[in-house]
Amino acid sequence: MRRLSLFADEGGPRRILALGAHPDDIEIGCGGTILRLVAEHPGLEVSWVVFAGTAPRAAEARASASAFLAGAPKARVIVRDYRDGFLPYSGSALKDEFEALKGEVVPDLVLTHYREDRHQDHRLVSELTWNTWRDHLILEYEIPKYDGDFGSPNFFVSLPATTLDRKVATILEHFPSQARKPWFTADLFRAVARIRGMESVAPEGLAEGFYCRKALV
């Protein structure tokens, strides 16, 4: 498979914006990619934004983001307290949040939810991402869940086994509130990475999949 690198010394992204509707979305969807970017780009600047989180979940989100961004010289983590599952009903306020971010962040790469995700909060975050950053590289990540809305990604980031190990261990460590959910398991997270690694012929057979709607090379 022809490789286009996000990790080259020249031309790789220097400013990343990661957007998640809920605590753990960014970690599950693109945590491995972020770990690679932080490790391989010493000057990386990261803005990490989560929109819906109760106080306990917000604390989990901040601790997890700190762990994933350890080593990034410049990182900002924002966790808002919109009601989980009700983001579309706070659409006007959420739109204002995106407009404020647009004035503060000029990203080289935006990581956001998959536009066809069946969770209403995820879809809205994706829609507002495209409304707000119209001349940027946007990669949409995927979240495994009951709805069965996985598609066929067209952009893949290979993960070394050590990076996947760190991703999975960090997620499980920092989100104890989710441990009772039957799908929130190491084997599921590894299975998704293995499937995407197989599809992309990744060097170690592991990858994260994304949807790239537009790119100019």
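**Exercises: D117, a cavity and a helix pair**

Leaving aside neighbours within four places in sequence, D117 is in contact (heavy atoms within 4.5 Å) with H122, R123, I143, K145 and D149. This is a predicted model: local features need pLDDT of at least 70, side-chain atom pairs count only at pLDDT 80 or more, and totals for chains, interfaces and linings use all residues. Residues are numbered from 1 along each chain as its sequence is written, and side-chain values use heavy atoms, with hydrogens and water left out.

**Exercise 1.** Place D117 and state why D117 counts as buried.

*Solution.*
- Locate D117: the loop between strand 4 (109–113) and helix 4 (120–132). Helices (H or I, at least four residues) and strands (E, at least two) are DSSP runs, numbered from the N terminus.
- Check accessibility. D117 counts as buried because its relative accessibility is 1%, and buried means under 20% relative accessible area (1.4 Å probe, protein chains only).
- Follow the side chain of D117: the backbone nitrogen of H119 is reached at 2.8 Å.

**Exercise 2.** Describe how helix 1 and helix 2 pack.

*Solution.*
- Two packed helices are described by the angle between their axes and the distance between the axes.
- For helix 1 and helix 2 (residues 55–68), the angle is about 35° and the axes lie 10 Å apart. Axes are lines fitted to C-alpha atoms over the stretch in contact, and angles run from 0 to 180 degrees between N-to-C directions.
- List the partners. Helix 1 brings E27, G31, I34, L35 and V38; helix 2 brings A61, S64, A65 and F68.

Methods:
Buried means under 20% relative accessible area, exposed over 50%, partly exposed in between (1.4 Å probe, protein chains only). A polar contact is a pair of N or O atoms within 3.5 Å; within protein, one must be able to donate a hydrogen and the other to accept it, and residues adjacent in sequence count only if both atoms are side-chain atoms.
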